[in-house]
Amino acid sequence: QVQLVESGGGLVGPGGSLRLSCAASGRTISIYAMGWYRQAPGKQRELVAVFTRGGFTNYADSVRGRFTISRDNAKNTVYLQMNSLKPEDTAVYYCNAHRVDVANEVYDYWGQGTQVTVSS
């Protein structure tokens, strides 16, 4: 079991920056792919960024070049640095830990979410 707690959301003006944190407990995040997802009102949850166990990162086209995902295994924490924020980035942001074990059993854990609002 992994418990995930997000923080760092808030209200910011267009063009501003925020850094989200996801603190994990229970197990080390080094064995998981860690991702950030978001869900805007009336829309489906979408993948924003992912940091794989192998150290690769990938981003949604809408945030590539503006957002950066990073992980600190020693602190058991994942971050999402968000720059040049736009109103369309407004959503609840969720942290996810994902892995598939040798028996192909899938493990997915979610945080409670943190609200990000971009508005003037």
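What follows is a conversation between a biologist and a modeller about how the features of this structure get their names.

Biologist: Before we start, what kind of model is this?

Modeller: This is a predicted model.

Biologist: Then let us begin with the cysteines. What makes Cys22 and Cys95 a disulfide?

Modeller: Two cysteine sulfur atoms must lie within 2.5 Å to be called that. The sulfur atoms of Cys22 and Cys95 are 2.1 Å apart, so the pair meets the cut-off. A disulfide is a covalent bond between the sulfur atoms of two cysteines.

Biologist: How many disulfides does a search of the whole structure find?

Modeller: The search finds one. Cys22 sits in strand β3 and Cys95 in strand β9, 73 residues apart, and the pair links distant parts of the chain. Both Cys22 and Cys95 are buried. The angle about the S-S bond is -80°, and the link is left-handed.

Biologist: Next, Thr77. Why is Thr77 called buried?

Modeller: Its relative accessible area is 9%. Buried means under 20%, so Thr77 qualifies. Thr77 is found in strand β8, where five of the six residues are buried.

Biologist: What does Thr77 touch, leaving aside its neighbours within four places in sequence?

Modeller: Thr77 is in contact with Ser21, Cys22, Ala23, Ile29, Ser70, Arg71 and Asp72. One half of the disulfide, Cys22, is on that list.

Biologist: And how do you know that the side chain of Thr77 makes a polar contact with the backbone oxygen of Lys75?

Modeller: A polar atom of the Thr77 side chain lies 2.9 Å from the backbone oxygen of Lys75. The cut-off for such a pair is 3.5 Å, so this one falls within it.

Biologist: Arg66 has a charged side chain in my textbooks, so which word fits Arg66 here, buried or exposed?

Modeller: Buried fits, because the relative accessibility of Arg66 is 11% and the limit is under 20%. Arg66 is found in the loop between β6 (57-59) and β7. Its side chain has a polar atom 2.8 Å from the backbone oxygen of Ser62, and the backbone oxygen of Ser84 lies 2.9 Å from a polar atom of that side chain. Not counting residues up to four places away in sequence, Arg66 touches Gln81, Met82, Asn83, Ser84, Leu85, Lys86 and Asp89.

Biologist: Now the strands. How do you know that β3 and β8 pair?

Modeller: Pairing takes at least two bridges between two strands. β3 and β8 have six, in the antiparallel sense, so they count as paired. In this pairing Ser21 stands opposite Tyr79 in β8.

Biologist: Which strands make up the open sheet, and in what order?

Modeller: The order is β1-β3-β8-β7, with antiparallel pairing.

Biologist: What makes β1 (3-7) and β7 edge strands?

Modeller: Each of them pairs on one side only. On average, neighbouring strands of this sheet are turned by 15° against each other, direction ignored. β1 is joined to β3 by five bridges, and Leu4 stands opposite Ala24 in β3. At the other edge, six bridges join β7 to β8, with Ser70 as the bridge partner of Tyr79. β7 and β8 form a hairpin with four residues between them, and Asn76 in the turn has a positive phi of about 55°.

Biologist: Where else does antiparallel pairing occur, starting from β4?

Modeller: Seven bridges join β4 to β9, and Met34 stands opposite Ala97 in β9. β4 also pairs with β5 over five bridges, where Tyr37 stands opposite Leu47. The hairpin of β4 and β5 has six residues between the strands, and Gly42 takes a positive phi near 75°. β4 is mostly covered, with five of its seven residues buried.

Biologist: Last one: which residues touch the most other members of the largest nonpolar core?

Modeller: Of its 32 residues, those are Leu4, Trp36, Leu80, Met82 and Tyr93. Elements that give two or more residues to this core include β3 (18-25), β4 (33-39), β8 (77-82) and β9 (91-100). Leu4 itself is in contact with residues including Cys22, Met34, Cys95 and Trp110, leaving aside its neighbours within four places in sequence.

Methods: Residues are numbered from 1 along each chain as its sequence is written. This is a predicted model: local features need pLDDT of at least 70, side-chain atom pairs count only at pLDDT 80 or more; totals for chains, interfaces and linings use all residues. Side-chain values use heavy atoms; hydrogens and water are left out. A nonpolar core is a set of buried Ala, Val, Leu, Ile, Met, Phe, Trp, Tyr and Cys residues joined through side-chain atoms within 4.5 Å. Buried means under 20% relative accessible area, exposed over 50%, partly exposed in between (1.4 Å probe, protein chains only). Contact means heavy atoms within 4.5 Å. A polar contact is a pair of N or O atoms within 3.5 Å; within protein, one must be able to donate a hydrogen and the other to accept it, and residues adjacent in sequence count only if both atoms are side-chain atoms. Axes are lines fitted to C-alpha atoms, for helices over the stretch in contact, and angles run from 0 to 180 degrees between N-to-C directions.
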